[in-house]
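Here is a short report on one protein chain. It moves from single residues to the cores and the pocket.

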Amino acid sequence: MGLITKRVCAVVVAIVVLTLGLPLGHAADEPPNIIKYRQNVMKAQGGHISNIAAVVKGEVSLIGNVAANARALADLSRMVLPLFPDGTNTGKTNALPEIWTDRAKFDQAAKASQDAADAMIVAAETNDLDTIAAALDKLGKSCGGCHKPFRKKKE
């Protein structure tokens, strides 16, 4: 095979690879996929909060797991802001338009939840139920700081 033929083949292969790869990368960030991902993150947060609440209420005695749940919550809380890009305000979502029309307020509320999740880690590491309960109360209020103004009411 000549040098020109090799170069033409290489260019054709590169074009085919790039062309096939572009739709796959683009499809991954379609709004319905982001919305589903966002909902999964929110459900995961709810699960960790429920686990901590079960310990605080005395339903289970797994206080040693509270710190791990708190760390997971803190990690998940850092994922929230990028999960509301433009274009994800329609479709199967409970997100209200105010997220996009008053983004500064939404960002502030999400940051407050991050701070409350970080405080939950500190409280959890004490293994003191009263300290954990107080942090859980603050965390719950921070969740409401987003949900009340930015999520559709459940019917």
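Leaving aside its neighbours within four places in sequence, which residues is Arg71 in contact with? The coordinates come from a predicted model. In that model, Arg71 is in contact with Ile121 and Glu125 once neighbours within four places are set aside. Arg71 sits in helix 3. The C-alpha atoms of Arg71 and Ile121 are separated by 5.9 Å. Along the chain, these two residues are 50 residues apart. Arg71 is partly exposed because its relative accessible area, 40%, falls between the 20% and 50% limits.

**Overall fold**

The protein has six helices and zero strands. Read along the sequence, the pattern is α-α-α-α-α-α. Among contacts with a separation of 6 or more, 73% join residues 24 or more positions apart. Buried residues are 29% of the 155 in the protein. The exposed area is about 9,900 Å². Carbon and sulfur atoms supply 62% of that area.

**Two nonpolar cores**

The largest nonpolar core holds 18 residues. Ile52, Val66, Met120, Leu136 and Leu139 touch the most other members. Four helices each supply at least two residues of this core: helix 2 (31–56), helix 3 (66–77), helix 5 (103–124) and helix 6 (129–150). Helix 5 gives the most, with six residues.

Ile52 shows how parts of the chain meet. Leaving aside neighbours within four places in sequence, Ile52 is in contact with Val66, Asn69, Ala70 and Leu73, and also with Met120, Ile132 and Leu136.

A second, separate core has 13 residues. Its members include Val41, Phe84, Ala110 and Cys146. Ala110 lies in helix 5. Beyond its neighbours within four places in sequence, Ala110 is in contact with Leu81 and Cys146. The C-alpha atoms of Ala110 and Gly145 are separated by 8.1 Å, with their positions 35 residues apart along the chain taken as the spacing. Ala110 counts as buried because its relative accessible area is 3%, under the 20% limit.

**The largest pocket**

How much space lies in the largest pocket? The volume is about 640 Å³. The lining has 28 residues. Closest to the pocket centre are Met42, Gln45, Phe84, His147 and Arg151. Phe84 thus appears in this list and in the second core.

By class, the lining has 14 nonpolar, nine polar and five charged residues. Helix 2, helix 3, helix 5 and helix 6 each supply at least two lining residues. Helix 2 provides the largest share, seven residues.

Gln45 belongs to helix 2. Is Gln45 buried or exposed? Gln45 is buried, because its relative accessible area of 14% is under 20%. Leaving aside neighbours within four places in sequence, Gln45 is in contact with Leu73, Leu76, Ser77 and Val80.

**Three residues side by side**

| Residue | Relative accessible area | State |
|---|---|---|
| Gln45 | 14% | buried |
| Ala110 | 3% | buried |
| Arg71 | 40% | partly exposed |

Two of the residues above also tie back to the larger features. Gln45 is one of the residues closest to the centre of the largest pocket. Ala110 is a member of the second core.

Technical notes. Residues numbered from 1 in each chain as written. Predicted model: local features only at pLDDT ≥ 70, side-chain atom pairs only at ≥ 80, totals over all residues. Heavy atoms only, no water. Buried < 20%, exposed > 50% of the residue type's maximum accessible area, 1.4 Å probe, protein only. Contact = heavy atoms within 4.5 Å. Areas by Shrake-Rupley, 256 points an atom, 1.4 Å probe, with all protein chains shown as cover. Core = buried A, V, L, I, M, F, W, Y, C linked by side-chain atoms within 4.5 Å. 1 Å grid on protein atoms, 1.4 Å probe; cavity = no way out; pocket = protein on both sides within 12 Å on 5 of 7 lines; lining within 4 Å. Points joined across faces, edges and corners; volume = space filled by probe spheres on them. Nonpolar A, V, L, I, M, F, W, Y, C, P; charged D, E, K, R; others polar.
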